[in-house]
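User: I would like to go through the reasoning behind some of the labels used for this model. Please give the value and the criterion each time.

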Amino acid sequence: MNRVLLAPSILSADFGRLADEVRRAEDGGADWIHVDVMDGHFVPNLTIGPAVTAAVRAATDLPVDVHLMIEEPERYIQDFVDAGADWISVHQEVCPHLHRVLTQIREAGAKPGVALNPSTPVESIREVLPEVDLVVIMSVNPGFGGQRFIDTSAEKVRRARDLATLVSKESGTREQREHPIRIQVDGGIDRTTASGVVEAGADVLVAGSAIYGHAEGVAVAIEELRDAVGGET
């Protein structure tokens, strides 16, 4: 199994001092910085765009992980790559030509991911998995931070891991890349929910309020998450 990575979400950070918040996460031991992009259409919230992504990129040497919760993401892929995104995930639910969009992400210079809402079955992305580096399992309904973890998410992570492993063996293409398909979990992750999804096969954990909202600070929050998964992060 890959080393488990922690990706603090800046959705819960203080945007008035964003660079400092990003550096706090890096200094505290984060592995990636997660950027949630919402358009007010696909999800009922409106957040940031390429300019803020560029500000995150300027503040850290960590990989920048951009999650596009937007309609017509193909219109903005190059903008986010130019802003410094290393990983870009798009939603299966908004991409009728998902294979094309994933190919576009890779050709633009980022690693492609595909995200699934809680009601979207893992099997819906089977045909595109050979083109994917990251599968994002939403363990809340996307749109807002601080939501309660959906209890059935761990089993969905397990199905995603099993399917990714099967497709990797069948396609042969994944063995030619740096690593097998990563499984990321986004939503409601804290020290009480992290261990279950890691045991199910997740190797990237996104956490927002559990990290930036921790009373004792970002570094303590990250340490607690590491302890919760047995130090595997």
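Analyst: The model is predicted. A starting point is strand S6: Leu134, Val136 and Met138 lie on one side of S6 and Val135 and Ile137 on the other, and all are buried, which leaves both faces covered.

User: Why is strand S6 called largely enclosed by the rest of the structure?

Analyst: Buried means under 20% relative accessible area. In S6 (residues 134–138), 5 of the 5 residues are buried, so the strand is largely enclosed by the rest of the structure.

User: How do you know that S5 and S6 pair?

Analyst: Pairing requires at least two bridges between the strands. S5 (residues 111–116) and S6 are joined by 4 bridges and run parallel, so they count as a pair. Leu116 has Ile137 of S6 as its bridge partner.

User: What makes S6 and S7 a pair?

Analyst: S7 (residues 182–186) is joined to S6 by 5 bridges, again in parallel; the criterion of at least two is therefore met. Arg182 in S7 stands opposite Leu134.

User: Which residues lie nearest the centre of the largest pocket?

Analyst: Gly145, Gly146, Asp186, Gly187 and Gly188 do, out of 28 lining residues. The pocket holds about 340 Å³ of space. Strands S2 (33–38), S3 (64–69) and S8 (204–207) and helix H7 (209–212) each supply at least two residues of its lining.

User: What makes up the lining of the largest pocket by class?

Analyst: It has 13 polar, 12 nonpolar and 3 charged residues. Gly counts as polar and Asp as charged, so Gly145 and Asp186, both among the residues nearest the centre, fall in those two classes.

Methods:
Residues numbered from 1 in each chain as written. Predicted model: local features only at pLDDT ≥ 70, side-chain atom pairs only at ≥ 80, totals over all residues. Heavy atoms only, no water. 1 Å grid on protein atoms, 1.4 Å probe; cavity = no way out; pocket = protein on both sides within 12 Å on 5 of 7 lines; lining within 4 Å. Points joined across faces, edges and corners; volume = space filled by probe spheres on them. Buried < 20%, exposed > 50% of the residue type's maximum accessible area, 1.4 Å probe, protein only.
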